[in-house]
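Please look over the model below with its charged side chains in mind. The report after it takes up the pairing of such side chains.

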Amino acid sequence: MGRSGVLRVQKSFADTSSGSTTGESGPWHAVLEYSPKKSNVWTSGLAADRIVIGADKAVIALQDWKSGGPTVTSLWTGSDVFSVAMEPPLGRQNLVYAGCRNGRVRIFDLSQPNVVALATAESKKDKRSTALFRGIGHKESSVLGMKRVGDHYLVTSAMNGEILMWDTRFVSSSQPTGASPEGTFAKPVMDFRGPIQDQFSKTLFDINAGETLLAAENIDQQISLWSLSTGDRIRDLSVKGKVSCLQFAPGQHGIWTVVEDQVQFWGLDP
């Protein structure tokens with residue numbers, strides 16, 4: 001995440017017959033370049049023909065971006081958007097989640113014809129203000145990471161080190177009302193506690209393709225593995241350094257990590 005005013009999508013024309021994907025043997029071609037008007041680009045996400053951009057106090061959706069002339073929809077959040085998530089590729093691909101600087105997660109359904117009006121207007125009455133329907137968020141801590149799990153769950157991480165899982169069937173993104181005051185959030189279904197708390201930094205995490213494991217860095221120069229079915233911490237990997245990147249290996253039983261000036265691969269039992 002960094003301050004920038006331009007989103008650029010590039011494609012490599014490298015020869016990948018040898019298995020290399022670095023692009024060193026061929027040029028890069030800019031497929032799309034988009035600059036929000038007078039706004040930073042904090043983050044972005046891509047699913048099929050839609051790109052979503054986290055911008056200053058808004059989330060911007062670019063529909064049919066491969067055409068070269070995408071349809072642009074700006075959705076007001078009232079707070080800078082540091083993380084975004086979308087419906088899974090096999091889902092409806094209509095819902096967009098915006099993780100904000102103020103700790104709240106705003107949810108937008110792009111299939112609604114009046115989605116822009118709903119995003120900019122203040123809600124006069126929250127029809128779903130019961131205990132079941134509260135917002136998603138981290139109190140007084142920016143939402144820096146989000147990942148969808150299955151059809152109904154969302155995992156969020158905050159600057160204060162919290163990592164929480166939410167059931168999106170029982171939450172609302174409406175504005176606070178008297179019955180649902182500001183700072184009141186739904187109860188998460190899981191809270192991944194352990195040595196991962198670190199004030200004012202981004203806690204890196206990833207979820208495996210089978211959606212059974214969550215891997216997160218912790219403050220003891222380790223990566224902790226958590227069960228997504230029980231919420232239990234099941235294993236620690238001693239990487240012996242500051243983790244700057246981690247990702248489950250696609251098609252392999254392991255995790256790739258970047259630790260200081262090293263790239264490490266940790267094998268996991270299938």
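The following text describes salt bridges and the burial of the residues that form them.

This is a predicted model, in which local features need pLDDT of at least 70 and side-chain atom pairs count only at pLDDT 80 or more, while totals for chains, interfaces and linings use all residues. Residues are numbered from 1 along each chain as its sequence is written, and side-chain values use heavy atoms, with hydrogens and water left out.

Side chains of opposite charge can pair when their charged atoms come close. The structure holds 5 salt bridges (a side-chain nitrogen of Lys or Arg within 4 Å of a carboxyl oxygen of Asp or Glu), among them the pairs in this table.

| Pair | Closest N and O atoms |
|---|---|
| D80 and R101 | 2.7 Å |
| K147 and D206 | 3.5 Å |
| E217 and K242 | 3.5 Å |

D80 forms a salt bridge with R101, and because D80 lies in the loop between strand 6 (71-76) and strand 7 (81-86) and R101 in the loop between strand 8 (95-100) and strand 9 (104-109), the pair ties together parts that are 21 residues apart in sequence. Strands here are DSSP runs of E with at least two residues, numbered from the N terminus. D80 is buried at 12% relative accessible area, whereas R101, at 39%, is partly exposed; buried means under 20%, exposed over 50%, and partly exposed in between, with a 1.4 Å probe and protein chains only.

K147 forms a salt bridge with D206, and since K147 lies in strand 11 (residues 143-149) and D206 in strand 15 (residues 205-207), this pair ties together parts 59 residues apart in sequence. K147 is partly exposed at 29%, and D206 is buried at 9%.

How values were computed: Helices (H or I, at least four residues) and strands (E, at least two) are DSSP runs, numbered from the N terminus.
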